[in-house]
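Dear colleague,

I am passing on the structure we spoke about, together with an account of what turned up when I went through it. Please look at it first, and then read on with the coordinates open.

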Amino acid sequence: MRLNLKTTMKWYGYNVRKFGLLYAAVHYFSRYERMKPFCDYKCMEILKKYYSTISSERMKREIEELYFVRTGKKMNIDKPVGFNEKIQWLKFYDVTEAKIRLCDKYKARKFVRQVVGEKHLVPLLGVYQNIDEVDFGILPRSFVMKSTQGCAYNVIVKDRRNINISEIRRKFRWWLRTEYAYAGLEFQYKARNAKVLIEKYMGGQMDEYKFICFNGRPEFFWVRSLQDGELSRNFFDMDGREIEFHFGNAPKKRDLELTESFQELKEAVTKLCSGFRFVRVDTFVIDGNWYIGELTFNTGCGYDDWGPESEGIRYGERIKSQI
C-alpha cells in the first residue's frame, strides 16, 4: 500500500509517539539500500521489546490502532467487516502451527512436495544454517538466494562473476537475525532459526498466478505480468472469466491468455489451500510450466486497497471469523 503525504506524516508521528525517536530515525534510514538490512533488524528488535511486554488483550488494541494508522479506518477486531478487517482478525486469532511451519520457505517446500509433487518446485541447489557456509565457487553461474523467513530477503544472481560476495554475506547476516513478525504484527513469522536457501534461477518470461482461497477453496485469482518494464494485473474467476476488480494502479494486459495447464494448476491450488480459513497461493508459469512459489496468509498485511468496496465486503464474508 503506497502512503500519501498525510498518511506518511501520521505514520511517522505514530512511530515517534509509540517507539521513540530512535525507531523513527532508524526506520527513515532503511530507505537507503546499503543500510536497509541493518535498519530492518534494529527496527524489529525495538518493536519486539515493546510488543513482548504487553498483554493479549492489549495486543488486540495494538492491531486495531495500527490498522487505523495504515488505512485511516477504524475497526473492532472482534467484529470485523470486510476483507482487510478479517485479515486483522486472522493475525490475532488464527496463528496456527501449520501457518508457522509454512512461513518457513524450506519447510513449505516439503509440504508442496508431499501435496503436489517435486516437479512443481524450483530445483533446490542448497540450504545452509548460515551465510558463511556458502561456497560461492561451486555454485552455477546464475541462482537465487533467499532467507527462509521474512519478506523480500533475497538476492537474484544472474551472473556469479559480477557479484559482490562480501556485500551478499553482510545482507544475509542481518536478514537471518531479523524477526519479521513485528513489522505488521504477523505472528506466524515468529519462528526462528532462519536459513539460507539457494534455488535455480529460472529466467525467461514469467507470469505470476496468485490465487485467493477461502475455507479450502480458491475463489478468484490474478495474473501479474511484467513485460518491457510495464506491470499489469488481470483478475479472473475460477472458470477463467475476467472479473471487474482492482488492486493498486496496475493496468490490465489486453492480450493475456491463460496457460494450457491451467486446469492442472487449479486442482493443485485446491489441494494446497485445504484446511485454511484463508490463504493466497502464489504460483508462476515459465514457458508453459508452472511452479508453486509460496503460501501467503495475510495478503498485503490487510492494508491493501482492494476494489470495488462491495467486493471487499463480499470476499470478507468468506472468512469465517468465529473462534
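The second largest pocket has a lining of 16 residues, and those nearest its centre are Y67, K73, N84, W306 and E309. Please keep in mind throughout that this is a predicted model. The volume of this second largest pocket is about 360 Å³, and its lining is made up of seven nonpolar, four polar and five charged residues. Three helices, α4 (56-71), α5 (83-93) and α10 (309-316), each give at least two residues to that lining.

Beside W306 in the sequence there is a residue that deserves a separate look. G307 belongs to strand β11, which covers residues 306-307, and its relative accessibility of 0% is the reason why G307 counts as buried. Leaving aside residues up to four places away in sequence, G307 touches F245 and H246. H246 is 61 residues from G307 along the chain, yet the C-alpha atoms of the two are separated by 5.2 Å.

Turning from the pocket to enclosed space, the count comes to three cavities of 30 Å³ or more. The largest cavity holds about 60 Å³ of space, and it is lined by L102, C103, K105, A108, G150, Y189, E294 and L295. Of these lining residues, five are nonpolar, one is polar and two are charged. Helix α7 (105-116) and strand β10 each contribute at least two residues to the lining of the largest cavity, and both elements come back below in connection with the sheets.

The first sheet to describe is open and has five strands, which follow the order β7-β6-β5-β9-β10 with antiparallel pairing. Its edges are formed by β7 (230-237) and β10 (289-296), each of which has a single partner strand, so that one side of each is left without a neighbour in the sheet. From one strand to the next, the twist averages 20°. Helix α9, residues 262-272, packs on this sheet, where it touches β5 (206-214), β6, β9 (278-286) and β10, and the direction of α9 makes about 45° with that of β5.

Which strands does β5 pair with, and through how many bridges? Nine bridges join β5 to β9, the two running antiparallel, and Y209 stands opposite T283 in β9. On the other pairing, eight bridges join β5 to β6, again antiparallel, with W222 in β6 as the bridge partner of K210. Two residues lie between the strands in the hairpin of β5 and β6, and in this hairpin N215 takes a positive phi near 50°. Seven of the nine residues of β5 are buried, so this strand is largely enclosed by the rest of the structure. Strand β6, residues 217-227, is in turn joined to β7 by eight bridges in an antiparallel arrangement, and within that pair of strands F220 stands opposite D237 in β7.

A further open sheet has four strands in the order β1-β4-β2-β3, also with antiparallel pairing. At its edges are β1 (124-128) and β3 (154-157), each of which pairs on one side only, and the twist here averages 15° from one strand to the next. Helix α7, already mentioned for the lining of the largest cavity, packs on this four-stranded sheet, touching β1, β2 (143-147) and β4, and its direction makes about 50° with that of β4. Helix α8, residues 165-175, lies across β2, β3 and β4 and runs at about 30° to β2. As for the pairing at one edge, four bridges join β1 to strand β4 (residues 196-200), which run antiparallel, and L124 stands opposite E199 in β4.

If you go through the model in the viewer, one possible order is to begin with the pocket residues Y67, K73, N84, W306 and E309, to go on to G307 and its contacts F245 and H246, and then to move to the cavity lining, including E294 and L295, before turning to the five-stranded sheet and the four-stranded one.

With best regards

Key: Residues numbered from 1 in each chain as written. Predicted model: local features only at pLDDT ≥ 70, side-chain atom pairs only at ≥ 80, totals over all residues. Heavy atoms only, no water. Pairing = 2+ DSSP bridges. Axes fitted to C-alpha atoms, helices over the stretch in contact; angles between N-to-C directions. Contact = heavy atoms within 4.5 Å. 1 Å grid on protein atoms, 1.4 Å probe; cavity = no way out; pocket = protein on both sides within 12 Å on 5 of 7 lines; lining within 4 Å. Points joined across faces, edges and corners; volume = space filled by probe spheres on them. Nonpolar A, V, L, I, M, F, W, Y, C, P; charged D, E, K, R; others polar. Buried < 20%, exposed > 50% of the residue type's maximum accessible area, 1.4 Å probe, protein only.
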